[in-house]
Amino acid sequence: MKEKKDKSFFDYFNFENVIEDIGILIKNSDKVLDILFSDNEETVKCKQEELKEEGLDFSGIKKVFSFDMDKLNTKELKIYGNTHSNIIYVNGILTDLNDLREHMNCLGKAFNSDIKAFHNETGGVLIDLIESSYDRGELERTPLAEAMAKEILAKLEISKEDLHLIGHSQGAIILNNALEIVQDECKFEDLSRLHFYTFGAGLKNCILNNNIHVEHFANEGDLIPNMGILNKDSEVEHTGDLYTREANGHYFLENYLIPLRDGKFGTESKFYNLVNTASIQNFLTQKTESLQIDTELKYENKSQKKPA
């Protein structure tokens with residue numbers, strides 16, 4: 001049996017993957033349909049195991065192709081982790097709470113510090129991509145970006161520490177829009193305390209005040225930044241420093257944070273020099289041994305409603 005990891009949305013656009021798997025897909029189309037459309041969890045798990053025996057892992061396919069229209073531009077801001085932390089992470093598309101927790105754990109070990117996360121909830125691939133397109137445009141900002149801006153402004157008001165904002169994929173787009181609001185409303189002297197790091201960002205525009213420290217990390221073979229920060233046809237000059245490497249992949253941990261730890265994006269960036277590299281190495285050692293997540297996500301939002 002072939003060893004294959006769970007596929008993400010982006011893997012379905014890899015020609016080699018399609019060619020390799022198309023025969024198995026045709027042969028097992030009935031099982032794939034059951035996984036996609038069955039409401040019986042036991043049936044879904046059973047069909048997933050049968051496909052694994054064929055060498056095809058579709059355990060994540062339902063998350064990839066399902067969507068919830070009610071979540072289109074109606075997301076509430078949900079904050080997890082240490083709400084007093086000055087390190088804030090915003091995730092990209094198709095990130096559920098388990099993925100968010102893994103990202104937070106790795107970042108926490110990297111910085112040797114507690115992490116706060118603004119969870120960009122997934123509504124499924126269709127909703128997330130529509131939102132990303134909306135946020136990339138010149139239209140009014142989404143309620144989520146506005147809520148993040150309010151939180152950032154409040155943090156700048158109550159704390160004199162530097163604030164580090166980390167955004168992956170769609171999360172970088174939302175954070176950028178939040179910072180456009182922040183820079184118009186906060187005190188000028190506070191802007192120099194803002195540090196914004198993007199990973200695999202599909203930003204169409206990133207034009208922020210020069211007092212905000214901005215760094216972009218992008219794989220040259222990653223489709224998403226090639227529609228934004230790496231778009232050679234764009235006439236927009238993005239704010240900040242750009243760090244690239246000749247590589248594919250869009251995953252936050254495997255394709256960005258871990259290579260950055262290894263110096264694959266160079267060693268000059270502020271982000272590289274901030275992280276505790278020994279802590280990331282320790283995380284990786286544990287991760288290869290099926291790291292058990294040992295902390296529950298602490299949830300807080302203004303409405304005091306907990307997620308279902």
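Biologist: In which strand is the place of Arg245?

Modeller: In this predicted model, residues are numbered from 1 along each chain as its sequence is written, while local features need pLDDT (the predictor's confidence in each residue, from 0 to 100) of at least 70, side-chain atom pairs count only at pLDDT 80 or more, and totals for chains, interfaces and linings use all residues. Side-chain values use heavy atoms, with hydrogens and water left out. Taking strands as DSSP runs (E, at least two residues), numbered from the N terminus, Arg245 belongs to residues 241-245, which form strand β7.

Biologist: How far from Arg245 is the nearest side chain of opposite charge?

Modeller: Arg245 is buried, that is, under 20% relative accessible area with a 1.4 Å probe and protein chains only. Arg245 has no salt bridge, a term that asks for a side-chain nitrogen of Lys or Arg within 4 Å of a carboxyl oxygen of Asp or Glu. The nearest side chain of opposite charge is that of Asp262, at a distance of 7.9 Å.

Biologist: Which salt-bridge partner does Arg261 have?

Modeller: Arg261 is itself buried, with a relative accessible area of 13%. Its salt bridge spans 2.2 Å, N to O, and the partner, partly exposed (20% to 50%) at 39% relative accessibility, is Asp262.

Biologist: How many residues apart are Glu121 and Lys78?

Modeller: The side chains of Glu121 and Lys78 meet in a salt bridge of 3.3 Å, N to O, and both residues are buried, Glu121 at 15% and Lys78 at 10%. With Glu121 in the loop between β3 and α6 and Lys78 in strand β1, the pair links distant parts of the chain, 43 residues apart.

Conventions. Helices (H or I, at least four residues) and strands (E, at least two) are DSSP runs, numbered from the N terminus. Lys and Arg count as positive and Asp and Glu as negative; His and the chain ends are not counted.
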